Each structure stands twice: as C-alpha cells, then as structure tokens.
Amino acid sequence: MRKGPCDSSLKPHIRQAVKDDLDALLSLETICFKEETFHKGQLKYLLLKAKSIVLVAEIEGNIIGSMIILLRKNILNARIYSLNVHPEYRRMGIASSLMDFASEIIEKNGYDNITLETGINNSAAQNLYISKGFHVDKKLSNYYTNGDDALHYIRKL
C-alpha cells in the first residue's frame with residue numbers, strides 16, 4: 001500500500017540541501033508563506049554562499065520540509081531563520097524531526113544557543129518550540145512587513 005500525506009507512519013529523510021534543490025526550495029517557500037517569502041536569489045545565496053546550513057526533509061524523493069539555520073562568526077548563537085513544512089504534511093512530526101536534526105548539528109558545531117522568531121499569533125509554531133525546550137526571550141513589535149509582532153525564542157544547548 002502506498003503511503004499518503006495522511007499516513008502518520010511516514011518518516012522523512014533529512015539531509016543537507018544541495019544546489020539542485022533550489023527550485024524545490026523555492027516552490028516550497030511560495031506554498032508555505034504568503035508574505036515574507038524568499039526570492040530565488042536570496043535562497044541561492046543562503047544555500048551556496050552564506051554561513052548557513054540548509055536542511056531538507058524528503059519523502060519519496062519529494063522535498064516536503066526545509067530549515068535554514070544562520071551561523072554567525074564569533075557569536076555562539078545559531079539562528080533558525082526559516083522553517084517550512086508543506087501544508088499536506090503538517091502535524092506529522094516533520095518540523096519536529098527537522099528541529100531535532102538541526103539541534104544535533106548546531107551543538108556539534110560548538111554553538112551554545114539557538115534562537116528564532118515566530119509570529120505572535122502562530123500558536124502551532126509556538127507550541128512546537130516550547131516542546132523543544134525554547135522559551136520566549138522578548139517580544140518584537142512590528143517585526144513583519146505587515147506590522148505583525150513576533151516572539152523571539154532562545155534555547156540553551
């Protein structure tokens with residue numbers, strides 16, 4: 001029997017993204033976000049030139065999730081810059097798997113903390129981050145271009 005998006009036994013393969021993933025990453029970005037999306041040039045820079053780690057979650061060769069982690073020189077905070085999961089695969093543990101995989105990589109690279117931001121009204125993301133040991137550090141007023149506020153989270157490793 002072929003596994004579908006509603007089958008909770010699906011286990012994604014998580015790996016570091018490569019140049020050939022660029023178009024799939026761009027497609028996922030536009031599916032997941034209506035505003036604040038990366039354009040192709042930004043994604044290409046983050047994937048190939050920035051001091052960053054780009055992860056993808058795949059099922060049957062299809063990229064259904066991604067995470068961009070920014071690494072800063074001389075600062076021991078890694079920042080989760082973006083986390084996407086295709087709407088048909090949400091609430092199936094994909095984001096949690098990406099978070100766990102990322103945490104291991106970040107810790108192995110010697111970082112002390114992980115930070116991220118999420119919309120103040122995004123309770124699903126907030127619940128995920130709290131379940132992973134993050135706590136709210138501060139509120140960021142007018143953080144998004146539409147004027148919405150965000151919450152800044154931090155997790156010590």
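# A friendly tour of a seven-stranded sheet and its helices

Modeller: Welcome! In this predicted model, seven strands make up an open sheet with mixed pairing, in the order β1-β2-β3-β4-β5-β7-β6.

Biologist: Which are the edge strands?

Modeller: An edge strand pairs on one side only. Two strands fit that description, and they are β1 (13-16) and β6 (135-140).

Biologist: How many degrees does the twist average from one strand to the next?

Modeller: The twist is taken from each strand to the next one in the sheet. Its average is 25 degrees.

Biologist: Do strands β4 and β5 run parallel or antiparallel, and how many bridges join them?

Modeller: Strand β4 covers residues 77-85 and strand β5 covers residues 113-119. One bridge pairs N77 with N113 in β5. The two strands run parallel, and the number of bridges joining them is four.

Biologist: Now to helix α3. What distance between its end C-alpha atoms should we expect, and what does the model give?

Modeller: Helix α3 has 15 residues, 94-108, and each one counts for 1.5 Å. The span takes one less than the number of residues, so the helix should span 21 Å. The model agrees, because the end C-alpha atoms are 21 Å apart.

Biologist: Which strands does α3 touch as it packs on the sheet, and what angle does its direction make with that of β2?

Modeller: Helix α3 touches β1, β2 (52-59), β3 (62-71), β4, β5 and β7 (150-156). Its buried residues are I94, A95, L98, M99, A102, S103, I105 and I106. The angle between the directions of α3 and β2 is about 145 degrees.

Biologist: Is I105 buried or exposed, and which residues does it touch?

Modeller: I105 is found in helix α3. Its relative accessibility is 19%, and buried means under 20%, so I105 counts as buried. Leaving aside residues up to four places away in sequence, I105 touches I53 and L55.

Biologist: What follows α3?

Modeller: Look just past the end of the helix for a residue with a positive phi, near 90 degrees. That residue is G110.

Biologist: Why do L43, L46 and L47 lie on the same side of α2?

Modeller: These three are buried residues of helix α2 (residues 40-48). An α-helix has 3.6 residues a turn, so residues three or four places apart point the same way. Here the three share a side because the arc they cover around the axis is only 95 degrees.

Biologist: What covers the buried residues of α2?

Modeller: The cover includes one helix as well as strands of the sheet. Among the elements involved are α1 (22-32), β2, β3 and β4.

Biologist: Is K73 buried or exposed?

Modeller: K73 lies in the loop between β3 and β4. Its relative accessible area is 66%, and the cut-off to pass is 50%, so K73 is exposed.

Biologist: Is the aromatic pair of F38 and Y81 stacked, edge-to-face or tilted?

Modeller: F38 sits in the loop between α1 and α2, and Y81 in strand β4, 43 residues apart. F38 counts as buried at 12% relative accessibility, whereas Y81 is partly exposed at 34%. Their ring centres are 5.3 Å apart with 45 degrees between the planes, and the pair is tilted.

Biologist: How many aromatic pairs does the structure hold, and which residues do ring pairs link into a cluster?

Modeller: The structure holds four aromatic pairs. The cluster linked by ring pairs is made of Y129, F134 and Y153.

Terms used:
Residues are numbered from 1 along each chain as its sequence is written. This is a predicted model: local features need pLDDT of at least 70, side-chain atom pairs count only at pLDDT 80 or more; totals for chains, interfaces and linings use all residues. Side-chain values use heavy atoms; hydrogens and water are left out. Buried means under 20% relative accessible area, exposed over 50%, partly exposed in between (1.4 Å probe, protein chains only). Two strands pair if DSSP finds at least two bridges between them. Axes are lines fitted to C-alpha atoms, for helices over the stretch in contact, and angles run from 0 to 180 degrees between N-to-C directions. Contact means heavy atoms within 4.5 Å. The arc is that of the directions from the helix axis to the C-beta atoms. Rings of Phe, Tyr and Trp (its six-membered ring) pair if their centres lie within 6.5 Å; planes under 30 degrees apart count as stacked, over 60 as edge-to-face and the rest as tilted.
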